[in-house]
Amino acid sequence: MSAFSVILGLMGGLGLFLYGMKLMSDGLEKVAGAKMRGVLEFFTKNRFVGMLVGVVFTAIIQSSSATTVMVVSFVNSGLMNLMQAAGVIMGANIGTTVTSQLISFNLSEWAPMFVMIGVIMSMFCKNQKVVRFGEVILGFGILFMGLSTMSSSMAVLKESPAIAQILGSLENHYLALLVGFVITAILQSSSATVGIVLLLASQGLLEIQICFFIILGCNIGSCVSALLASLGGKKDAKRAAWIHFLFNIFGSLAIMVFLTVALGPITEFIGRISGYNPAREVANAHTIIKVVEVILLFPFIQWVVKLTYRIVPGGDESMEKGSQLEFIGEKNVFSPTTAVFDATRELERMGYMAMTNLKRAMDALLNMDEKKIRKVYEVEKNIDALNESITDYLVALNQTTIPVDDAKSIGGLFHVVNDIERIGDHAENIADAAQMRMEQNLDFSQQARSGLTQMLSMVIQITTYSLDMFSNNNQEHMQEILELEDQVDEMERRLQQEHVNRLTRNECTPAAGMIYSDIISGMERVADHATNIAFSIMEDAEN
């Protein structure tokens, strides 16, 4: 076999391996991303339990980089604090070794069967969850087919005295560490690098001892993904990425000391428990290194977290509640698993802006406050800008692969952003009425003012409950929302009738009465929009 054919085989095998791993990881995130997000959120209150969750989570999605990027995104979104993130990150370091353990058992001969099953499930099944799970199985099969291709090419390399001499001469521990770091940083996958090292060792092209130091380099290189993902995030997101980096740096240095002092006994111990099988030795060394790192650093994780505050000092600049996006957009960490949650947080912020503007507009109307009228118009422009930006984001998100359960709620989010924008429009209408009242020097009776105040109070109450139900899935006030909506409808009818009675008694002017009637009708429609917000995602999921 020519050198060119060998290189093509290695490249093709590596490509299949990386694609298979991505297919597995993405498929699992799509099938269970929303549920796993809930598990992470619930079980990470305790640092030790969070670590165990990180182990299981990473073992499932087969990627510590994906887990760490997800954790950075969670911190950026406010789902998780830094101490919780630290526990999950430590667990992710252990969970990632599952891939190398699977590879070491050489399941390549079963790969075609997994590929066929995966193709059948993903091409001929209509249930989206079955399709996604089929992609996971297909990815598993492709991964091992890639390993088989690489292994065949490396078997040829073994016959080349020049290649064997070059790899065999790799004795400098620091150079080996650098090689592991660079390859992992390029491939963005420590599992892929360890897989390559495992194959080289099984072919006799790399000494077991030098593999240990390459694995340490993989440790550090695996941090690159999270550091890059955190660049545009908030300061706590940057700190979460630094926790991962510092943990792996300190852990690798500690292991380096152990290996330098007792390389021979450690090699003998790993060889004995692995049956002197090179592939098993690499996989077990990978697992043992990660476990020892966690044991050594777990008691000091608070110090690591404190150190990140020195590396990334200060707090986030207080962003004015304006038209800039806070939780989504180009400058924020994007993770498919948290994308819908981030959009929900942004909509929640927009909703409270609209509700506050409604109160501001009513205050401007009743007290003829020109300064507040101008503020209403200013905030309304911000709400319109947010409406456009969030809608664009949802459109883009609808074309992205996200967890199946999250994808069901996208349609509901489109309705919510529209309902919030309409609430903002009603606030602007009240500001217009306040402007007209000032220009024409119109007056409201005490009864009319009391009616407006009472109705505003009920509308604010139902909007508050609705935003809480929408953003936190809190159904505690569901029945109250329904009852309040009926009460607002009834109040609108009663106030309109009282208004007509006042007109007939000549207790108010037609111009003031027209403004009053329009505002009462608008407030009733705000309550309708608030009810839509509360039930939008629930109804969308049912549909």
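**Two helices and two cysteines**

Helix α16, spanning residues 339–367, packs in 29 residues and reaches 42 Å from its first C-alpha to its last, close to the 42 Å expected at 1.5 Å a residue. The model here is a predicted one. As for the surroundings of α16, 22 of its 29 residues are buried, so the helix is largely enclosed by the rest of the structure. Just past the end of α16 comes M368, with a positive phi of about 50°.

Further along the chain sits helix α20, made up of the 27 residues 446–472. From first C-alpha to last, α20 covers 39 Å, close to the 39 Å expected at 1.5 Å a residue. Right after α20, N473 takes a positive phi of about 55°. A handy thing to keep in mind when looking at helices like these: an α-helix has 3.6 residues a turn, so residues three or four places apart point the same way.

Now for the cysteines. A disulfide calls for two cysteine sulfur atoms within 2.5 Å, and by that rule the count comes to zero. Take C211: its closest cysteine sulfur belongs to C218 and lies 10.0 Å away, which is too far for a bond. C218 is likewise in no disulfide, with the sulfur of C211 as its nearest cysteine sulfur. So are these two cysteines tucked away, and what are their accessible areas? C211 is buried, with a relative accessible area of 0%, and C218 is buried too, at 1%.

Methods:
Residues are numbered from 1 along each chain as its sequence is written. This is a predicted model: local features need pLDDT of at least 70, side-chain atom pairs count only at pLDDT 80 or more; totals for chains, interfaces and linings use all residues. Side-chain values use heavy atoms; hydrogens and water are left out. Helices (H or I, at least four residues) and strands (E, at least two) are DSSP runs, numbered from the N terminus. The expected span of a helix is 1.5 Å times one less than its number of residues. Buried means under 20% relative accessible area, exposed over 50%, partly exposed in between (1.4 Å probe, protein chains only).
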